[in-house]
Amino acid sequence: MNDYNKKLKEEIAKFREAGHKFVNKEITTADFKGKSGGMGVYAQKGGQAFMIRLRIPCGILSFAHMKLIHKFALQYGLQRIHLTTRQAIQLHDLDIDSVCDIMETAIDHGLYTRGGGGNFPRNVALSPLSGVDKAEAFDPTPYALEVNRYVMERIMEYHLPRKLKIAFSNNEADTANCTINDLGFLSVLHQGKPFFKMFLAGGLGNNPAVALPYDELIPLDQVLYHVEAVARIFAAEGDYQNKGKARLRYIPKRMGEEAFMECYKKHLAQVKESMELNINVDAEEIWEPSDQMQSFYIHTDSGNLIAQKQEGFFTAVIHPQCGQLPVKALENIIAFLMDKQQDIRLTMTESMYIRNLTREEGEKLLAILEEVNQVTPIGMSISCVGVPTCQIGVLESQTLLKEINRVLMENKIKTDYLPGVSISGCFNSCSRHQISEIGFAGCKKRISNAPADAFELHIGGAAGNNNTHLGKCMGAVKKEDIPDFMVKLSQALNAKGMYFMDYLKEYGEEFEDLTKPFLIP
């Protein structure tokens, strides 16, 4: 580990030099991005400030790392930290020396940024209720952590066409989105025994694709063979010339799904012949799934407390608006947890879960965080960082979400039936707007021969085993008209007493009539 950390620190010294050259405009934005992405760092718009992405392994945040991140925030004068849509934590508005200093200090504490961007395996996603979910088939946590360890040990060796995303979901609700990742593992029981159902070559953004189900169930100890095999087929068959078509999902589009699977199995066979990758972990107790699936989104009557399968224990859900957690709120969480057995998980929806609390403890924590915590589905909406932070962002996604919530509140609109929305500042789908009940993607349109800010409207998407599908794009809506659209939609849902997906299914034509006046011709 000391040699590994030493190599990482040697990279930082070279990266610091490149960062100063970028700030001084001695190298281009593209040249710097080619160096910075793999370090988990991106320049913000304007090229003077930077963002650093701290990899939180499988979203499992240790108390020591939480305190370290709080220390960074205080040391560098930050007002908030960003909980991301892939279970990481980002720090924004830093200069290049601060970024490099944070990386070096973080390495000394076992917290890494390497591979947080660029053409590398990203943070391994994991359902945040794994191990405590009443509805899980079994807890995939030890296998997700083994995969994370495996890729991080090799992070400096990978030479891939683009990023590679791996996910583990603990039940059919697919809260880690394994059905839209490059490689996904879904916990299932078959004849009373635990297996993984596997998915390949999914992804969102331009030319999105739902992942392909593999034709065999995967024994638990065989997971790493598939991780290595997917990296090999990606490296061998991926497009290194055309970045726009370099993701894994383009390979089956090019060669056909059947040929892709045959090619994948050849790589898998070669891995099994040449490597010993069996996972040996203590057997986890298998829990029978309950009759009713736990909803990932928390209804308003839950008080943001989820009952765990461990009797008498609860998970508290903390969701700051836009995933922006004030440093003072982080300080309050740390103070609250100081004398407790901490179990902290980050989610794919910009939330933080504090697990294994008594009901009294959970209610006390939520009361402490009442001013910053969102408790309704629309309040718990997802928004990427967007403009002005993101270099490739088109519009201000977080500003739109805040405006939607402001207008709904000022008009005293009852939002019980309104779902959370997913807002991306461009077509990259960082908020996963393409598989959301209601999603928006920032774009530019011409209206009366003048450019206008707009968002594409996507409706009816979903993720889940045997249920993942892309939403329908209805067209684009002017940015300033979206809050009014959400008001009208909420009023329609209230009049019918129906949740959005039920309303869409039964009153699809009425929804189209409601939407039509808002769409840009």
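Here are some worked exercises on this predicted model.

**Exercise 1. Walk across the sheet that holds β9**

Task: Find the order of the strands in the open sheet that runs from β6 to β10, then follow β9 to its partners on either side.

Solution. Begin with the whole sheet. Its five strands come in the order β6-β7-β8-β9-β10, and the pairing is mixed. The edge strands are β6 and β10, since each pairs on one side only.

Next, take β9 itself, which covers residues 193–200. On one side, β9 pairs with β8 (residues 183–190) in the antiparallel sense, over eight bridges. To check the register in your viewer, pick G184: its bridge partner in β9 is F199.

Then look at the turn. The hairpin of β8 and β9 has two residues between the strands, and Q191 there takes a positive phi near 55°.

Now cross to the other side of β9. Here the neighbour is β10 (residues 212–213), again antiparallel, with two bridges. F199 turns up once more, as the bridge partner of P213 in β10.

Last, ask how covered β9 is. Six of its eight residues are buried, so the strand is mostly covered, taking buried as under 20% relative accessible area.

**Exercise 2. Work through the second five-strand sheet**

Task: Which strands stand at the edges of the sheet that contains β14 and β15, and why is one side of each left without a neighbour?

Solution. Write down the order: β3-β14-β15-β12-β11, an open sheet of five strands with antiparallel pairing. The ends of that list are β3 (60–61) and β11 (305–307); each has a single partner strand, so one side of each lacks a neighbour in the sheet.

Then zoom in on one pair. β14 (residues 344–346) meets β15 (residues 352–357) through three antiparallel bridges. One place to see this is L346, whose bridge partner in β15 is M352.

**Exercise 3. From a strand into the core**

Task: Which residues have the most contacts inside the largest nonpolar core, and what surrounds I354?

Solution. The largest nonpolar core has 102 residues, and L91, F168, L200, M352 and I354 have the most contacts inside it. Helix α6 (residues 223–237) gives the largest share, nine residues.

Now list the surroundings of I354, leaving out neighbours within four places in sequence. Its contacts are F314, T315, A316, I318, I333, L337, D343, I344 and L365.

Finally, note that another core lies apart from this one; its 34 residues include F485, M498, Y503 and F511.

**Exercise 4. Search for enclosed space**

Task: How many cavities of 30 Å³ or more does the structure have, and what lines the largest cavity?

Solution. Start from the idea behind the search. Rolling a probe the size of a water molecule over the atoms shows where empty space is left. Over the whole structure, three cavities of 30 Å³ or more are found. The largest has a volume of about 70 Å³.

Next, collect its lining: L8, E11, I12, M39, M103, A106, I107, L111, Y112, T113 and R114. Sorted by class, these are eight nonpolar, one polar and two charged residues. Among the helices, α1 (2–23) and α4 (96–108) each supply at least two lining residues.

**Exercise 5. Place H109**

Task: Is H109 buried, partly exposed or exposed, and which residues does H109 touch?

Solution. First locate H109: it sits in the loop between α4 and β6 (125–126). Its relative accessible area is 47%, so H109 is partly exposed. Leaving aside residues up to four places away in sequence, H109 touches H65 and L68. H109 and L68 are 41 residues apart along the chain, yet their C-alpha atoms are separated by 8.4 Å.

**Exercise 6. Check the backbone exceptions**

Task: What backbone features mark P388, S429 and R432?

Solution. Recall the background first. Most residues other than glycine have a negative phi, and most peptide bonds are trans.

Take P388 next. A cis peptide bond joins V387 to P388, with omega about 10°, and P388 lies in the loop between β16 (382–383) and α11 (397–410).

Move on to S429, in the loop between β17 (421–424) and β18 (438–447). S429 has a positive phi of about 65° and is buried, at 6% relative accessible area.

End with R432, also in the loop between β17 and β18. Its phi is positive too, about 60°, and R432 is buried with a relative accessible area of 11%.

Key:
Residues numbered from 1 in each chain as written. Predicted model: local features only at pLDDT ≥ 70, side-chain atom pairs only at ≥ 80, totals over all residues. Heavy atoms only, no water. Buried < 20%, exposed > 50% of the residue type's maximum accessible area, 1.4 Å probe, protein only. Helix = DSSP H or I, 4+ residues; strand = E, 2+ residues; numbered from the N terminus. Pairing = 2+ DSSP bridges. Core = buried A, V, L, I, M, F, W, Y, C linked by side-chain atoms within 4.5 Å. Contact = heavy atoms within 4.5 Å. 1 Å grid on protein atoms, 1.4 Å probe; cavity = no way out; pocket = protein on both sides within 12 Å on 5 of 7 lines; lining within 4 Å. Points joined across faces, edges and corners; volume = space filled by probe spheres on them. Nonpolar A, V, L, I, M, F, W, Y, C, P; charged D, E, K, R; others polar.
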